[in-house]
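Welcome, and thanks for opening your viewer! We will walk through a protein chain one selection at a time, so keep your selection tool ready.

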Amino acid sequence: MNEMTLYLTIALTPLLGCLLAGLFGNKIGRAGAHTATILGVAVSAALSAYVLWGFIDGTRTQFDENVYTWLTMGGLDFSVGFLVDSLTAMMMVVVTSVSLMVHIYTIGYMHDEETGYQRFFSYISLFTFSMLMLIMSNNFIQLFFGWEAVGLVSYLLIGFYFKKESATFANLKAFLVNRVGDFGFILGIGLVLAYFGGSLRYQDVFAYLPNVQNATIQLFPGIEWSLMTVTCILLFVGAMGKSAQFPLHVWLPDSMEGPTPISALIHAATMVTAGLFMVSRMSPMYELSDTALNFIMIIGAITALFMGFLGVIQNDIKRVVAYSTLSQLGYMTVALGASAYSVAMFHVMTHAFFKALLFLAAGSAIIGMHHDQDMRHMGNLKKYMPITWLTMLIGNLSLIGTPFFSGFYSKDSIIEAAKASTLPGSGFAYFAVLASVFVTAFYAFRQYFMVFHGKEKWREIQHGHHHDDAHHHGLGKDDNPHESPLVVTLPLLVLAVPSLIIGYIAIEPLLYGDFFKDVIFVNHQAHPVMSEMAHEFAHHGGALGMVAHSFTSPVLYLALAGVATAWLLYVKAPHLPEKIAAAVSPVYKLLDNKYFLDTVYFAVFAKGSRALGNFFWKVGDVAIIDNGIVNNAAKLVGGVAAQVRKAQTGFIYTYAAAMVVGVLVLIGVTFWRLFAG
């Protein structure tokens with residue numbers, strides 16, 4: 001199989017599965033739909049792993065070719081093409097493997113759904129295809145196509161239960177907030193097209209950079225801005241929407257309205273990491289603008305810390321994991337700002353596995369609880385669901401950065417990168433990621449203790465209204481939860497393996513080896529973070545030395561303190577959290593209302609745009625156009641006609657007199673012209 005055929009197969013097999021399940025779902029039935037889509041993604045995952053292995057053992061080289069030209073306009077080519085290098089290969093494996101686990105898990109999770117089973121499988125395969133088109137693209141146009149396609153499919157998935165009002169509200173919110181980011185993104189692409197040599201192909205743009213690195217642009221008369229900074233920040237605004245960075249993060253927690261497999265797919269490996277991947281891919285551009293890097297770092301730090309705080313007070317098991325995603329995305333963004341792109345991508349990879357594991361384990365607990373997602377109704381599930389308990393524990397230990405677990409290596413490296421950075425915002429960023437360690441450990445283990453330890457709280461709920469809603473009835477007083485079927489627990493066990501070991505295996509080649517050589521570009525003179533970290537890594541004695549070193553840094557102790565606090569409040573003294581919440585009620589209210597950002601956005605943009613619309617309608621449409629132009633023109637014509645009508649008497653002498661007057665006027669004008677001329 002030649003390379004082009006190989007890459008086309010990887011990209012198109014999920015699309016084929018999607019079309020089979022989507023168009024012929026009724027004919028091939030439920031089993032046919034899941035078989036077709038799982039086969040498509042499995043082929044894609046197997047071939048992606050083969051490609052990645054080629055890059056690991058050095059037998060495969062970078063591939064950058066156009067598949068076909070879609071449009072040629074004024075010397076500019078819009079092409080579909082693939083750029084496959086070590087960065088792409090790593091992302092391909094992450095996306096397809098997590099997607100494959102989600103596909104298999106979905107068979108068990110959606111088993112009781114009466115309608116939409118085939119539609120669901122069609123959507124998740126289409127999502128995988130869109131994501132592959134995004135990461136494999138070799139030009140900005142195809143990147144934008146993949147970018148928008150992922151946004152569209154996430155809209156369909158979040159609103160999967162389209163008869164539920166909250167789901168349709170959530171998917172519209174996700175769609176609109178992403179449009180805000182995408183507006184910045186397409187403006188950035190427009191600047192690239194206008195100023196960077198008239199090509200949208202990455203290699204041409206990067207080759208042209210020396211010509212524009214000091215160029216300026218006038219956004220407002222008399223104010224010169226650096227072209228590089230403006231372009232980089234606009235492209236990053238797109239990433240803020242997709243990768244849910246403050247203040248465009250508001251869509252992500254609401255996207256929990258979709259079924260759990262979607263949460264795992266959108267929030268683990270795929271959609272939310274698209275922005276981070278894009279910034280890493282554009283590293284040659286970002287290295288030329290310290291201002292843009294500083295902006296990225298500050299935004300990431302705010303997201304990491306303040307979104308973590310929101311996770312502390314959530315009671316819905318999926319929302320806790322959603323806020324932890326937001327916080328971890330903030331971490332990755334901080335790494336990008338510190339010019340540690342490889343560290344950010346390393347965390348993207350480790351996070352993909354342990355976050356997918358956490359979502360799917362949460363889904364398994366929800367199945368055990370008969371679709372009740374409230375953690376206040378759970379407790380002691382460890383006794384009934386041992387596999388779910390163990391995999392959830394592994395996921396949480398990796399999330400909080402326990403030594404030897406995958407999350408430890410990537411998270412610790414990000415904290416080191418923030419510490420080593422010399423950018424003006426690095427002090428705040430270092431504080432934010434350190435404080436987040438405690439916050440993360442606290443909410444992760446708060447969730448763990450509430451769900452798997454303590455009293456079996458569903459036995460104490462007053463059942464009455466619960467049974468009316470077939471979808472969210474929860475367990476009765478005498479019901480016991482059961483471990484989920486193999487089709488659900490197998491993906492959990494598979495994902496638990498990389499959550500344990502992938503960090504230890506991958507840290508050296510990914511961060512300090514040649515894996516990203518010639519793919520991610522860092523200007524080591526201007527941004528010495530990675531070279532300093534490489535020196536430290538060697539000095540401490542590699543991956544094992546990092547574990548030994550962690551005992552001398554505050555990170556491990558902050559994580560331990562977070563776990564201990566959670567244990568104290570939710571196992572030892574479960575009556576305390578309510579008292580604390582009452583004591584700091586203004587803070588609790590602020591967190592409960594998510595910093596009132598939704599309220600502000602709704603008032604300003606939703607109601608504000610309605611008010612603006614009303615203003616333009618009443619003033620522009622009704623007053624100026626309808627009454628001013630249309631109705632007044634009619635009145636004027638009517639008024640003139642009424643006066644002219646009076647001259648129509650019907651008597652011959654009136655008309656004769658008018659003719660005589662007309663002739664006299666004509667003669668007078670003629671004589672005047674003659675003598676005046």
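Let's start with a single residue, A444. At 1% relative accessibility, A444 counts as buried, because the cut-off for buried is under 20% relative accessible area. Keep in mind that you are looking at a predicted model.

**Stop 1: around A444**

Select helix α18, and you will find A444 in it. Which residues is A444 in contact with, leaving aside its neighbours within four places in sequence? Show N396, L399 and I400, and you have them. Now add S324 to your selection. A444 and S324 are 120 residues apart along the chain, and their C-alpha atoms are separated by 8.0 Å.

**Stop 2: the whole chain**

Zoom out and colour by secondary structure. The protein chain has 26 helices and four strands. Along the principal axes, its C-alpha atoms fill a box of roughly 115 × 70 × 60 Å. Of the 677 residues in the chain, 54% are buried. If you look at contacts between residues at least 6 apart in sequence, 78% of them join residues at least 24 apart.

**Stop 3: the largest nonpolar core**

In soluble globular proteins, nonpolar side chains tend to be buried together. Here, the largest nonpolar core has 214 residues. Select I135, M136, F140, M278, M285 and Y286 to see the residues with the most contacts inside this core. Helix α15, residues 341–368, supplies the largest share of the core, with 19 residues.

Now centre the view on M136. Setting aside residues up to four places away in sequence, M136 touches a list of residues that includes Y7, I10 and A11. Further along the sequence, G81, F82, L83 and V84 are also among the residues that M136 touches, and so are T88, M92 and Q142.

**Stop 4: α13 beside α18**

Two packed helices are described by the angle between their axes and the distance between the axes. Try this with helix α13 (residues 290–311) and helix α18 (residues 426–452): they pack at an angle of about 25°, with their axes 8 Å apart. Are they roughly parallel or roughly antiparallel to each other? Angles under 35 degrees count as roughly parallel, and α13 and α18 are therefore roughly parallel to each other. The crossing in which α13 passes α18 is left-handed.

To see the contact itself, show M297, I298, A301, I302, A304, L305, G308, F309 and G311 on the α13 side. On the α18 side, the residues include F428, F431, V439, Y443 and R446. Colour the contact residues by type, and they divide into 14 nonpolar, four polar and one charged.

**Stop 5: α8 against α11**

Next, select α8 (227–242) and helix α11 (residues 274–281). The axes of α8 and α11 come within 7 Å and cross at roughly 155°. That makes α8 roughly antiparallel to α11, because angles over 145 degrees count that way. Where do they meet? L235, F236, A239 and K242 in α8 meet G275, M278 and V279 in α11. This contact is made up of five nonpolar residues, one polar and one charged. You have already selected M278, one of the residues with the most contacts inside the largest nonpolar core.

**Stop 6: unusual backbone spots**

Most residues other than glycine have a negative phi, and most peptide bonds are trans. Let's visit some exceptions. Begin with the peptide bond from F246 to P247, which is cis, with omega near 0°. You will find P247 in the loop between α8 and α9 (251–254).

Move on to H370, in the loop between α15 and α16 (386–399). H370 is not a glycine, yet its phi is positive, at about 55°. H370 is partly exposed, with a relative accessible area of 33%.

Then select F404, in the loop between α16 and α17 (406–420). F404 also has a positive phi, of about 80°, although it is not a glycine. With a relative accessible area of 47%, F404 is partly exposed.

**Stop 7: H540**

Finish at helix α20 (residues 529–540), where H540 is found. Is H540 buried or partly exposed? Its relative accessible area is 25%, so H540 is partly exposed. Not counting residues up to four places away in sequence, H540 touches G545 and H549. For a last distance, draw a line from H540 to L569: they are 29 residues apart in sequence and 37 Å apart in space, C-alpha to C-alpha.

Terms used: Residues numbered from 1 in each chain as written. Heavy atoms only, no water. Core = buried A, V, L, I, M, F, W, Y, C linked by side-chain atoms within 4.5 Å. Buried < 20%, exposed > 50% of the residue type's maximum accessible area, 1.4 Å probe, protein only. Helix = DSSP H or I, 4+ residues; strand = E, 2+ residues; numbered from the N terminus. Contact = heavy atoms within 4.5 Å. Axes fitted to C-alpha atoms, helices over the stretch in contact; angles between N-to-C directions. Parallel < 35°, antiparallel > 145°, perpendicular 65-115°, else oblique. Left-handed = near helix turned anticlockwise from the far one by under 90°. Nonpolar A, V, L, I, M, F, W, Y, C, P; charged D, E, K, R; others polar.
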